[in-house]
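I opened this entry to look up how some helices and strands are arranged. My notes follow the display.

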Amino acid sequence: MDDALLRTLTPSVLTVLVRRGADFAAAEDAVQDALVEAVRLWPDDPPRDPKGWLVTVAWRKFLDSARSDTARRRREDRIDQEPPPGPAAPADDTLQLYFLCAHPSLTPSSAVALTLRAVGGLTTRQIAQAYLVPEATMAQRISRAKRTVSGVRFDRPGDVATVLRVLYLVFNEGYSGEVDLAAEAIRLTRQLTAAIDHPEAAGLLALMLLHHARRASRTLPDGALVPLAEQDRGRWDTAAIAEGVTILQAALARDRLGEFQAQAAIAALHADAPTAEETDWVQIVEWYDELVRLTDSPVARLNRAVALGEADGPRAGLAALAALDDALPRHTAVAAYLHERAGDPATAARLYAVAAGKASNLAEREHLTRQAARLNTAGRKDERREGEREDESTRGS
Amino acid sequence: MAKYLLLKHYRGAPASFNDVPMDQWTPQEISDHMQYMHDFAARLEKSGEFVDGQALAPEGTFVRYDGEGRPPVTDGPFAETKDLIAGWMVIDVDTYERAVELAGELSAAPGAGGKPIHEWLEVRPFLTAPPTITE
């Protein structure tokens, strides 16, 4: 049975139920029940029309639950009077579902959870496992989210930017579990770009593809981080890079630049360099200038300082860094890197150790500790060599 | 979305405002305290922010490797150890501010005289997985 197909059908089945008058929360539960049935029955008895099958079963589940709930008697009467189902809802209904699940009244974590379940077709257990929380907690998070958006009109146009932020979160802060959240974010963003023609949606998809393409080379088997400059570029996924670049170029041609297109452009320039030395840092600095102009984000300014350090030399990078708040995440790590490049390993080693203490994730902390250790070890060797030379000169005299 | 540890100390945290040892409370005060902790966890589960909560026995043992083929060495407990963990709660919240807000609520658990203990709780962020997009 094709789990991917099943999940692809989730949003359109859900929107059919909502269009027929089911309230969103109950319809969403009914679709989940239908998915469970499909997983159970399809392997032995695959339907000819999977979507039609899911709609029929989900609708029946919905009616069953409405009937069994006597408190909902009145609504049941109304449903029974509804005309028989019409043709399937148009494709852009999926878009309404994205808007609803990323509604501004939801907290980011609620929007992420609801999107993964209602649009992505993941089970509560899978989402809970992916985010390392108990299933009961995730179930409550999702049901609260559904209550929060229960009053929102389904046909009201939403804000694409909120949807993109949710998808970005799924991609960038995804944990691990049986579901590959980065791949899931790409799938959902791809589905979104099919439903709406929007340069930033395309920009985000390109950004994800370009970063995902480097995934195999980003970590060693033991989980240690490999910095971009040291990655084995032969392991980059060239097909994903080509697709990302094509999508990005089409988006940029629309001349409606946004932050995701700018970030994707930077990722594309990295992907385009055959070796780290051949990276076009001058152009990357220009894109960071755009990104700073678009977002005024301190993180973009910090990354710009790194790029400037490569384009114009570490002194220029350190000067740019000095203008930024040193409480910024990774500020100390960047300072350490630039000091090493500027030929001051002692300061760099000290700063790498400080940065390790401030790191917000384990892999980064280990990476920074290793950098400090590398410089300190080299420093001790230098000292020993100094000492030996001094010994020799004393003996010689 | 970030996980925080709310850490409760037997020893090692600054003294509470309402610092009366639990064995000096009335049985009802102890019941009220336990109920508060229970309700707090239940509320967090409902809000989709609860991950874990555990209490620890005050006495533990120090254990270390003692070389190939030898059993581990055990020692302690050491009365002089300055920090002693009593238990924890793990929460998964959207912001650091929310973590602090919840720790504040937990610290308001009633103690002697039915008044909040004002106990100092330590809020520690979990180290996360590395983000995909960094440059």
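I began with chain A of this predicted model, where I looked up helix α16 (residues 298-311) and helix α18 (residues 331-341) of chain A. Their axes lie 10 Å apart, and the packing angle is about 10 degrees. Angles under 35 degrees count as roughly parallel, so I entered α16(A) and α18(A) as roughly parallel to each other.

Next I listed the residues in this contact. From α16(A) I noted L302(A), A305(A), V306(A) and G309(A). The α18(A) side supplies H331(A), V334(A), L338(A) and R341(A). Sorted by class, the contact of α16(A) with α18(A) has five nonpolar residues, two polar and one charged.

I then turned to chain B. What is the strand order in the open sheet of four strands? I read it as β2-β5-β1-β6 (chain B), and the pairing is antiparallel. The edge strands, each paired on one side only, are β2 (50-55) and β6 (122-125) of chain B. From one strand to the next, I found a twist that averages 20 degrees.

I looked further at one pairing in this sheet. Strand β1 (residues 2-11) of chain B runs antiparallel to β6(B), and four bridges join the two. For the register I noted that L5(B) stands opposite R124(B) in β6(B).

Last, I checked what lies across these strands. Helix α2 (residues 96-107) of chain B lies across β1, β5 (84-93) and β6 of chain B. I recorded its direction as about 135 degrees to β5(B).

Key: Residues numbered from 1 in each chain as written. Chains lettered and ligands numbered in written order. Predicted model: local features only at pLDDT ≥ 70, side-chain atom pairs only at ≥ 80, totals over all residues. Pairing = 2+ DSSP bridges. Axes fitted to C-alpha atoms, helices over the stretch in contact; angles between N-to-C directions. Contact = placed C-beta atoms within 7 Å. Parallel < 35°, antiparallel > 145°, perpendicular 65-115°, else oblique. Nonpolar A, V, L, I, M, F, W, Y, C, P; charged D, E, K, R; others polar.
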